[in-house]
Structure formats: structure tokens, C-alpha cells
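Please open the structure in your viewer and keep the sequence panel visible beside it. This tour proposes a series of selections and describes what is found at each stop.

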Amino acid sequence: MTTLLYIESSPRQQRSHSTAVARAFLDAYLARHPGVELDTWDLWSPDAALPEFEGAALSAKFAARSGVPHTPEEAAAWAEVSRHALRLQRADLLLLSVPLWNFGVPYKFKHWLDVVTQPGLTFRPDPQKGMQGLLKARKALVVSARGGIYTPGSPTAAWDFVTPYLQHWLGMMGVQDVAVVSIEGTSISEAMTQAARAQAVAEVQALAGAL
Ligand SMILES: Cc1cc2nc3c(=O)[nH]c(=O)nc-3n(C[C@H](O)[C@H](O)[C@H](O)COP(=O)(O)O)c2cc1C
């Protein structure tokens with residue numbers, strides 16, 4: 001069965017523009033692909049609490065990279081990390097909704113990324129070829145809402161560190177086909193927000209037939 005993994009990283013629920021546009025994609029995509037299994041990972045849900053990435057989890061990562069056997073404490077911590085990393089690894093298609101916070105990703109999203117980016121699970125360092133991505137997914141859609149305007153060519157285009165960061169990270173993890181849809185200007189005016197959101201919904205509905 002094909003699995004679509006949806007990562008939701010705005011805590012604003014019904015008020016979130018990135019969530020609303022991502023859900024418009026899900027509605028359109030699942031209507032076209034009724035057999036697809038949806039796995040929703042709300043990073044702000046208390047049920048989705050991630051392990052702190054320190055102590056035994058951290059030393060387990062370095063042991064895994066250098067081929068040193070895990071201690072029992074590291075093995076337990078690594079089993080927990082692996083559970084999260086493999087939830088990402090096995091997905092066939094990825095949908096990420098990511099608000100722009102201080103020109104980057106929300107801290108819950110960065111926590112998630114630091115837990116799931118693991119040697120031997122989601123990437124393999126290769127001395128000859130560099131980083132080899134191990135994700136099953138070959139395609140991803142990133143939906144990003146932001147208060148300002150960062151469109152390519154605008155004066156503040158270089159201040160958007162979400163889009164280049166996620167394109168780079170997904171590429172390293174083996175996902176080469178990355179579509180990005182933005183909702184810009186949500187802090188500027190209601191009229192601009194509504195226009196940007198309607199445009200973004202139209203874009204993701206078109207992508208639902210293409211991804
Ligand atoms: C903590 C925080 C930091 C933010 N930093 C920025 C920023 O650096 N640039 C920007 O344009 N908007 C910034 N915003 C505004 C959000 O990008 C905007 O409200 C966006 O619509 C949030 O996405 P959401 O509607 O999906 O929650 C910030 C909002 C918050 C809550």
C-alpha cells in the first residue's frame with residue numbers, strides 16, 4: 001500500500017495557513033488516490049512527543065557511524081530514535097507544512113529533523129559518493145506560510161532559509177523531486193493573505209494530479 005506521510009509543524013491548527021493549504025492538497029490527492037494510506041504526524045500533538053537528542057541517543061548515533069556496538073542504554077535510546085526515523089523512511093510520498101519562523105523552521109520541526117536524520121536509517125555516509133539518501137519517497141511537497149514576502153527576485157528573497165534548507169535536506173535524504181508552494185504576506189494584509197491562500201490552494205490542487 002502507498003503511504004503518504006504528512007508532517008504538520010504549525011501549532012495554530014484551524015488558524016494556520018500552511019495547515020489549511022496542506023489539507024487542501026490532502027483532500028484533492030486522496031480523492032484521486034483512494035487506496036493511499038495517510039499517516040499524519042502533528043509535531044505539536046502531546047502524543048507525538050519526540051525524545052531529547054542527547055545523552056545515550058547522541059552517543060548511539062556516533063557509535064552507529066563508527067561501527068562500535070551499542071551499550072544497553074544506547075540500544076534502548078537508538079530503538080526509540082529508529083522508530084521515528086523509520087516512520088519517515090518507509091513513506092512513499094511526503095507532505096511537509098512548515099511556517100517561516102525567524103527566517104527558518106519552527107523549533108519543533110528542527111527537533112523532528114534532528115531525530116529522524118540518522119546514519120543507516122535515513123541516510124548512509126559513503127566515503128566515495130558522499131551522503132546517500134535512504135528514504136523510499138522520491139517526491140515531496142513543501143507548503144510554507146510566511147508573514148512577509150520572499151518571492152525569488154524580491155529584495156528579501158535571500159532571507160527565506162526554509163525553502164533552500166528543506167530542498168537541500170530532502171535532496172540529501174534521496175528525495176530529488178521537491179515542489180514548494182508558499183503563502184506569502186500573511187502579516188501584511190487580510191486581502192493579500194486571502195489572495196495568496198487562494199493561489200496556493202489552486203497550485204496544490206494542480207499538484208495533486210501531478211505528484
Ligand atoms: C515565532 C514566530 C516567528 C515568525 N518569524 C517570521 C519571520 O521571520 N518572517 C516572516 O515573514 N514571518 C514570520 N512569522 C509570521 C509567520 O510566518 C506567519 O504568521 C505564518 O502565516 C505562519 O504560518 P501558519 O499560518 O501556517 O501558522 C513568525 C511567526 C511566529 C509565530
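Which polar backbone atom is 3.2 Å from a nitrogen atom of the ligand? Select Gly-147: a polar backbone atom of this residue is 3.2 Å from a nitrogen atom of the ligand. Such a pair is a polar contact, that is, two N or O atoms within 3.5 Å; within protein, one must be able to donate a hydrogen and the other to accept it, and residues adjacent in sequence count only if both atoms are side-chain atoms.

Before continuing, note that this is a predicted model, in which local features need pLDDT of at least 70 and side-chain atom pairs count only at pLDDT 80 or more, while totals for chains, interfaces and linings use all residues. Residues are numbered from 1 along each chain as its sequence is written, and side-chain values use heavy atoms, with hydrogens and water left out.

**The ligand and its shell**

Select the ligand next, together with the residues near it (those with a heavy atom within 4 Å). The ligand is surrounded by 16 residues, and the closest are Ser-10, Arg-12, Ser-16, Ser-18 and Tyr-150. Display the side chain of Ser-18: one of its polar atoms lies 2.5 Å from an oxygen atom of the ligand. Then display the backbone of Leu-100, where a polar atom is 2.8 Å from an oxygen atom of the ligand. On its own the ligand has 630 Å² of accessible area, and the protein covers 76% of this. Accessible areas come from the Shrake-Rupley method with a 1.4 Å probe; for residues, only the protein chains shown count as cover.

Colour the shell by class: it has six nonpolar, eight polar and two charged residues. Here Ala, Val, Leu, Ile, Met, Phe, Trp, Tyr, Cys and Pro count as nonpolar, Asp, Glu, Lys and Arg as charged, and the others, Gly among them, as polar. Helix H1 (17-32) and strand E6 (139-146) each supply at least two residues of this shell. Helices (H or I, at least four residues) and strands (E, at least two) are DSSP runs, numbered from the N terminus.

**Strand E6 and its partners**

Select E6. Seven of its eight residues are buried, where buried means under 20% relative accessible area, exposed over 50%, and partly exposed in between (1.4 Å probe, protein chains only). Add strand E3 (residues 93-97), which runs parallel to E6 and is joined to it by five bridges; two strands pair if DSSP finds at least two bridges between them. Leu-93 stands opposite Lys-139 of E6.

Now add strand E7 (residues 177-184), which pairs with E6 in the parallel sense over eight bridges. Ser-144 has Ser-182 in E7 as its bridge partner. Follow the chain from E6 through helix H5 (residues 162-172) to E7: this β-α-β crossover is right-handed. The term means that, with the strands pointing away from the viewer, the path from the first strand over the helix to the second runs clockwise.

**Strand E1**

Select strand E1 (3-8). Is this strand enclosed or open? All six of its six residues are buried, so E1 is largely enclosed by the rest of the structure. Thr-3, Leu-5 and Ile-7 cover one side, and Leu-4, Tyr-6 and Glu-8 the other. That is, both faces of E1 are covered, and the residues named on each side are all buried. Add strand E2 (residues 37-42), which pairs with E1 in the parallel sense over six bridges; Leu-5 stands opposite Asp-39 there. From E1 the chain crosses through H1 to E2, and this β-α-β crossover is right-handed. E1 is also joined to E3 by five bridges, and these two strands run parallel. In E3, Leu-94 stands opposite Leu-5.

**Two loop residues**

Most residues other than glycine have a negative phi. Select Gln-13, in the loop between E1 and H1: its phi is near 45°, a positive value in a residue other than glycine. Gln-13 is partly exposed, with a relative accessible area of 48%. Move to Phe-103, in the loop between E3 and helix H4 (107-116). The phi of Phe-103 is near 70°, again a positive value in a residue other than glycine, and its relative accessible area of 37% makes it partly exposed.

**Two distances**

Finally, select Val-180 in E7, which counts as partly exposed at 28% relative accessibility. From Val-180 to Leu-211 there are 31 residues in sequence and 12 Å in space, C-alpha to C-alpha. Then select Ala-191 in helix H6 (residues 190-208), which counts as exposed at 60% relative accessibility. Its C-alpha atom is separated by 51 Å from that of Arg-65, 126 residues apart along the chain.
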